[in-house]
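Reader: I have a new structure open and I'm not sure how to read it. Can you walk me through a few features?
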Amino acid sequence: MARVIWGLATSHVPSIGAAMDNGKTAEPYWKPLFDGYAPAREWMAGHRPDVAVIVYNDHANALDLDLVPTFAVGTAESYEVADEGWGRRPVPPVAGAPELSEHLVRRLVDDSFDIATFHGLDVDHGLTVPLSVYCPDPGEQWPCPVVPVLVNVIRHPQPTAARCYALGQAIGRAIRSFPEDLGVAVFGTGGMSHQLAGARAGLINTPFDRMFLEKIETDPEALARLTREEYVAQAGTEGIELIMWLVMRGAMDERITRIHETYHVPASNTAAGLALFENGGAPA
Amino acid sequence: MTKARDDYPLDLRASRQGYALNKMCLSLKDERNRRRFTEDESAYCDEFGLSPEQKKAILERDWTGMLELGGSVFYTYKLAMLDGKSMQYLGGVFTGMTAEEFAEAMRSGGRKFG
């Protein structure tokens, strides 16, 4: 049977990808962030998954306002890298895991999550930047195939944090019932606090982010109880992306082991966070 | 230039109001459309059926005005990038700062509220 081996929560800011693509990671602006990633990257390189389930949101690239699915799963054999308006990132296309996708879709629908499916999907920075955080130098191909899971965090009303957590729990059950011996990594992406538009642009709420970084491990139910309006007020209009970390958390065991975390302000107009967890409690 | 409200939630009302404007901005993710827009911005706006107010906001690069008329920053950012403007520039516009002042505020830990 398949099993979740680790979970990575990480910001997916486009400029983090651009810093890697343009060789700027050693510059003073970016160095603290990438130094902070290093221990997590080293650990993940030693614990390679067979498949990654990446929970992210599209930013007006594959989707527009004609059709906004609340939850969706990619089911394709491969996903092109999106041109978001300034040319494609120079990274490989993303290989799919269509059999695991099919299994997840069936199990999730049977579990009363009426999700949409994408057979054609150009993946944007929301998915490719977390892949680059995991693997900075993929060469010709990424180290593992991917099942994209999309959450609407842009168009109100977004799903509740509680529903995201429950979706994660259903994804965890579905992974554990997949009849192949696969080690699966689950990525929860987006955040941390940030707001791009309006007079509150530039909002950063470090106390909220620190609280979130702690409770995502120890008390995800408390985070799942926060309302949409509380996320927007506390973490900013776009900080509500953090509800996608709860999908990752839900897919993992009740007890998880923190391997590494880092937090840095700023990455572009955001607070960048990373938290890496091995599934299960610490070995005795 | 229009003065910004605290935030601009992209709800269904804004989606209706800003439909043509967002659709036009979204089209700029294709290189051919970026060229066509640059050749004749006004005609390109007309193709997408922008209201006179939306068209004016686009042509004058009234970034806050675009939001007031239903624009979403994820869409209008594609126009900003075509102009070579950064998210720090837009942040400055929304908050009455230069791009440099806004970037400095971010480097100092970001802007605090409440």
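Author: Sure, let's begin with a definition: a salt bridge is a side-chain nitrogen of Lys or Arg within 4 Å of a carboxyl oxygen of Asp or Glu. Keep in mind that this model is predicted.

Reader: Okay, how does that rule apply to the side chains of Asp66(A) and Lys23(B)?

Author: They meet in a salt bridge, with N to O at 2.4 Å. Across the interface of chain B and chain A, the rule finds three salt bridges. Over all chains the count comes to 19.

Reader: What about Glu68(B), which residue does that one pair with?

Author: Glu68(B) forms a salt bridge with Arg5(B), and their closest N and O atoms are 3.3 Å apart. This pair links distant parts of the chain: Glu68(B) sits in helix α6 (residues 63–68) of chain B, while Arg5(B) is in the segment before α1 of chain B, 63 residues apart.

Reader: Back to the two chains. How do I put a number on an interface?

Author: The size of an interface is often given as the accessible area lost when the parts come together. Here, the area buried between chain B and chain A is about 3,200 Å², and carbon and sulfur atoms give 62% of that. On the chain B side, Leu10(B), Phe74(B) and Met106(B) supply 20% of the area that chain B buries against chain A, more than any other three residues.

Reader: And how many residues does the contact take from each chain?

Author: It takes 37 residues from chain B and 35 residues from chain A. There are also 22 residue pairs in polar contact across the interface, counting pairs with both residues at pLDDT 80 or more.

Reader: Which elements give two or more residues to the side of chain B that touches chain A?

Author: Those are α1 (12–17), α2 (19–27), α7 (73–82), α8 (87–95) and α9 (99–107) of chain B. The largest share, six residues, comes from α7(B). Sorted by class, that side of chain B has 19 nonpolar, seven polar and eleven charged residues.

Reader: Now helices. How do I describe two that pack together?

Author: Two packed helices are described by the angle between their axes and the distance between the axes. Take helix α2 (residues 31–45) of chain A and helix α4 (residues 125–134) of chain A: they pack at an angle of about 80°, with their axes 8 Å apart. That angle makes α2(A) roughly perpendicular to α4(A).

Reader: Which residues make the contact?

Author: From α2(A) you have Tyr37(A), Arg41(A) and Met44(A), and from α4(A) you have Ser132(A), Val133(A) and Tyr134(A). By class, the residues of this contact divide into four nonpolar, one polar and one charged.

Reader: Last one: what should I look for in the backbone?

Author: Try the peptide bonds and the phi angles. The bond from His156(A) to Pro157(A) is cis, with omega near 0°, and Pro157(A) lies in the loop between β7 (146–151) and α5 (161–176) of chain A. Gly191(A) and Met192(A) are joined by a cis peptide bond too, with omega about -5°. You'll find Met192(A) in the loop between β8 (183–189) and α6 (206–218) of chain A.

Reader: And what is phi of Ala60(A) near?

Author: Phi there is near 60°, a positive value in a residue other than glycine. Ala60(A) is in the loop between β2 (51–56) and β3 (71–74) of chain A.

Definitions and conventions
Residues numbered from 1 in each chain as written. Chains lettered and ligands numbered in written order. Predicted model: local features only at pLDDT ≥ 70, side-chain atom pairs only at ≥ 80, totals over all residues. Heavy atoms only, no water. Axes fitted to C-alpha atoms, helices over the stretch in contact; angles between N-to-C directions. Helix = DSSP H or I, 4+ residues; strand = E, 2+ residues; numbered from the N terminus. Parallel < 35°, antiparallel > 145°, perpendicular 65-115°, else oblique. Contact = heavy atoms within 4.5 Å. Nonpolar A, V, L, I, M, F, W, Y, C, P; charged D, E, K, R; others polar. Buried area = accessible area lost by both parts, 1.4 Å probe. Polar contact = N/O pair within 3.5 Å; in protein donor to acceptor, adjacent residues only side chain to side chain.
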